[in-house]
Amino acid sequence: LNYRNTQFVTSAPDIRHLPDNTGIEIAFAGRSNAGKSSSLNRLCDQKSLAKTSKTPGRTQLINLFKVDEGCHIVDLPGYGYAQVPLEMKEKWQRSLGEYLQKRDQLGGLVVLMDIRHPMKDLDQQLIYWAVESKLPVLVLLTKADKLKTGARKQQLMKIREASLAFCGDVEVELYSSLKGIGVDKLRQKLDAWYHT
Ligand code: GDP
């Protein structure tokens with residue numbers, strides 16, 4: 001697919017408000033500041049497709065993008081803000097879990113993690129939910145340029161090893177929006193998930 005043609009479709013306050021006629025959806029999730037917006041922008045070669053907003057909003061929206069006919073990207077709100085009230089966090093986690101477990105359109109989950117702070121609790125929870133629903137997962141270790149080559153490889157090995165514990169289709173790759181590391185691999189993976 002030509003990811004450069006990706007267009008914003010709509011924002012939804014809730015997963016239940018997503019349209020149904022999306023064909024195959026691939027969801028992008030990650031802790032706030034993990035580099036999700038930058039990764040999506042790089043994937044699609046567009047400067048501001050996904051807003052790289054620095055202010056952790058309370059009204060976090062789900063953004064839907066169309067790559068091609070029947071091929072969509074669902075950009076889930078970042079999680080892990082310390083400031084968000086517990087009640088809101090729990091509500092969000094419940095609907096996220098439901099989405100990952102029940103959404104028929106889902107073809108795969110991309111979980112973005114800062115290579116220096118990977119596999120936090122909620123990251124693991126998302127992967128667990130996805131694996132439970134037989135959904136393939138791609139973990140992207142973002143900002144890979146922040147580590148030297150040796151340390152980067154070591155971290156990749158470590159997280160790959162750790163991901164075996166999920167006993168599912170969980171792959172781990174390096175990613176850097178800044179240096180373009182892993183972009184081709186990400187596109188190949190999405191192509192496969194979209195069956196194109
Ligand atoms: P989001 O909150 O997950 O959408 O994260 P953003 O994409 O807004 O990025 C968070 C911060 O990390 C910003 O300051 C980005 O400039 C920085 N960042 C994102 N990707 C990279 C990368 O590949 N390399 C480096 N060095 N910094 C990055």
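**Close-ups of the ligand site and helix H1**

**View 1. Who lines the ligand in this predicted model.** The shell around the ligand splits into eight polar, six charged and two nonpolar residues. In total, 16 residues surround the ligand. Look for Asn-33, Lys-36, Ser-37, Ser-38 and Asp-145, which are the closest.

**View 2. Polar atoms facing the ligand's oxygens.** Two of the pairs shown here involve backbone: a polar backbone atom of Gly-35 sits 2.9 Å from an oxygen atom of the ligand, and one of Leu-178 is 3.2 Å from a ligand oxygen. Ser-176 joins in through its side chain, with a polar atom 3.4 Å from an oxygen atom of the ligand. On its own the ligand has 570 Å² of accessible area, and the protein covers 77% of that.

**View 3. Helix H1, tucked into the fold.** H1 runs over residues 36-43, and six of its eight residues are buried, so the rest of the structure largely encloses this helix. The buried ones are Lys-36, Ser-37, Ser-39, Leu-40, Asn-41 and Leu-43. Lys-36 and Ser-37 should look familiar, as they are also among the closest residues to the ligand.

**View 4. What H1 packs against, and what comes after.** The buried residues of H1 pack against four strands and a helix: E2 (24-30), E4 (71-75), E5 (106-114) and E6 (137-142), plus helix H5 (183-193). Past the helix, keep an eye out for Asp-45, which follows H1 and has a positive phi, near 55°.

Definitions and conventions. Residues are numbered from 1 along each chain as its sequence is written. This is a predicted model: local features need pLDDT of at least 70, side-chain atom pairs count only at pLDDT 80 or more; totals for chains, interfaces and linings use all residues. Side-chain values use heavy atoms; hydrogens and water are left out. A residue is near a molecule or strand if one of its heavy atoms lies within 4 Å of it. A polar contact is a pair of N or O atoms within 3.5 Å; within protein, one must be able to donate a hydrogen and the other to accept it, and residues adjacent in sequence count only if both atoms are side-chain atoms. Accessible areas come from the Shrake-Rupley method with a 1.4 Å probe; for residues, only the protein chains shown count as cover. Ala, Val, Leu, Ile, Met, Phe, Trp, Tyr, Cys and Pro count as nonpolar, Asp, Glu, Lys and Arg as charged, and the others, Gly among them, as polar. Buried means under 20% relative accessible area, exposed over 50%, partly exposed in between (1.4 Å probe, protein chains only). Helices (H or I, at least four residues) and strands (E, at least two) are DSSP runs, numbered from the N terminus. Contact means heavy atoms within 4.5 Å.
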